[in-house]
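Visitor: I am new to this structure and would like to learn how to read it. May we go through it feature by feature?

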Amino acid sequence: MTGETPLIVVMGPTACGKSTVGEALAATLGVPFVDGDALHPETNVAKMAAGVPLDDDDRWPWLDRVGATLDDAADAGGAVVACSALKRAYRDRIRAAAPGASFLELVLTPEEATRRSSSRVDHFMPASLVTSQFGTLEVLAADERGTRVDATLPVTRIVAAAVDALGAGA
């Protein structure tokens with residue numbers, strides 16, 4: 001990625017720290033941060049808030065918006081987007097719109113995700129959906145552009161590891 005416009009998706013299951021890490025990574029790289037939750041249609045947010053997992057038909061329009069956001073950012077100097085991108089097919093959908101996208105997968109256990117999501121306030125995603133998130137998760141494959149980092153590390157260490165692994169020099 002060195003010398004390229006940073007188009008990075010911070011991915012992983014609920015409560016892994018996508019927004020927190022994404023904001024810090026974007027600040028380090030000097031590019032905008034976009035929280036993928038803000039790109040969901042209202043129907044998706046309502047469904048998740050009610051404790052109902054999204055299906056692929058719910059996700060496709062959202063993933064298209066994530067891809068379009070990154071594609072638009074390619075001409076504007078780059079961006080970091082927080083998006084669960086749990087399945088390879090979802091990441092492929094994003095890459096179809098933004099071929100230069102790289103992925104930073106934040107890795108944690110279901111138990112840690114449940115602990116974190118149970119302690120969150122003012123978030124639409126209930127802890128009851130952690131199991132479905134991990135049931136859907138397909139880890140970043142070796143042939144996909146990106147890296148996996150332990151989500152329990154301090155944010156500064158996660159960002160440093162991401163910058164190093166993705167070659168996204170600040």
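Visitor: Which residue stands opposite V10 in strand 3?

Guide: Please keep in mind that this is a predicted model. The residue opposite V10 is A82 in strand 3. The two strands concerned are strand 1 (residues 7-11) and strand 3 (residues 79-82), which run parallel and are joined by four bridges. Another pairing in strand 3 is that of V81, the bridge partner of V9.

Visitor: Which way do the residues of strand 3 point?

Guide: In a regular strand the side chains alternate between the two faces of the sheet. In strand 3, A79 and V81 point one way, while V80 and A82 point the other way. All of these residues are buried.

Visitor: How many strands does the open sheet have, and in what order?

Guide: The sheet has five strands in the order 2-3-1-4-5, and the pairing is parallel. At its edges stand strand 2 (33-35) and strand 5 (146-150); each has a single partner strand, so one side of each is left without a neighbour in the sheet. On average, neighbouring strands of this sheet are turned by 20° against each other, direction ignored.

Visitor: How many bridges join the other pairs of strands, beginning with strand 2 and strand 3?

Guide: Strand 2 is joined to strand 3 by three bridges, and the two run parallel. Within this pair, F33 stands opposite V80 in strand 3. Between strand 1 and strand 4, also running parallel, there are four bridges, and V9 stands opposite F103 in strand 4. Strand 4 and strand 5 run parallel as well, with five bridges between them; here L106 stands opposite V149 in strand 5.

Visitor: Why is strand 4 described as largely enclosed by the rest of the structure?

Guide: The description rests on burial: five of the six residues of strand 4 are buried, so the strand is largely enclosed by the rest of the structure. One residue found in strand 4 is L104. Its relative accessible area is 0%, and L104 is therefore buried.

Visitor: Which residues does L104 touch, not counting those up to four places away in sequence?

Guide: L104 touches I8, V9, V10, M11, V21, L25, T147, V149, I158 and A162. A separation in sequence may also be set beside a distance in space. L104 and A24 are 80 residues apart in sequence and, from C-alpha to C-alpha, 13 Å apart in space.

Visitor: How does one describe two packed helices, in terms of angle and distance?

Guide: Two packed helices are described by the angle between their axes and the distance between the axes. Helix 1 (residues 18-29) and helix 7 (residues 155-166) pack at an angle of about 55°, with their axes 10 Å apart. That angle makes helix 1 oblique to helix 7. The crossing of these two helices is right-handed.

Visitor: Which residues of helix 1 and helix 7 meet?

Guide: From helix 1, the residues are T20, V21, A24, L25, T28 and L29; from helix 7, they are V155, I158, V159, A162 and V163. Sorted by class, this contact of helix 1 with helix 7 has nine nonpolar residues, two polar residues and no charged residues.

Visitor: What can be said of the crossing of helix 3 and helix 4?

Guide: The axes of helix 3 (residues 56-74) and helix 4 come within 8 Å and cross at roughly 35°. The crossing is right-handed. On the side of helix 3, the contact is made by D56, R59, W60, L63, D64, V66, G67, A68, L70 and D71; on the side of helix 4, by A89, Y90, R93, I94 and A97. By class, this contact of helix 3 with helix 4 has nine nonpolar, one polar and five charged residues.

Visitor: Is R91 buried or exposed?

Guide: R91 has its place in helix 4 (residues 88-97). With a relative accessibility of 0%, R91 counts as buried. Leaving aside neighbours within four places in sequence, R91 is in contact with M11, A85, L86, F103, E138, V139, L140, A141 and E144.

Methods:
Residues numbered from 1 in each chain as written. Predicted model: local features only at pLDDT ≥ 70, side-chain atom pairs only at ≥ 80, totals over all residues. Heavy atoms only, no water. Axes fitted to C-alpha atoms, helices over the stretch in contact; angles between N-to-C directions. Parallel < 35°, antiparallel > 145°, perpendicular 65-115°, else oblique. Left-handed = near helix turned anticlockwise from the far one by under 90°. Contact = heavy atoms within 4.5 Å. Nonpolar A, V, L, I, M, F, W, Y, C, P; charged D, E, K, R; others polar. Pairing = 2+ DSSP bridges. Buried < 20%, exposed > 50% of the residue type's maximum accessible area, 1.4 Å probe, protein only.
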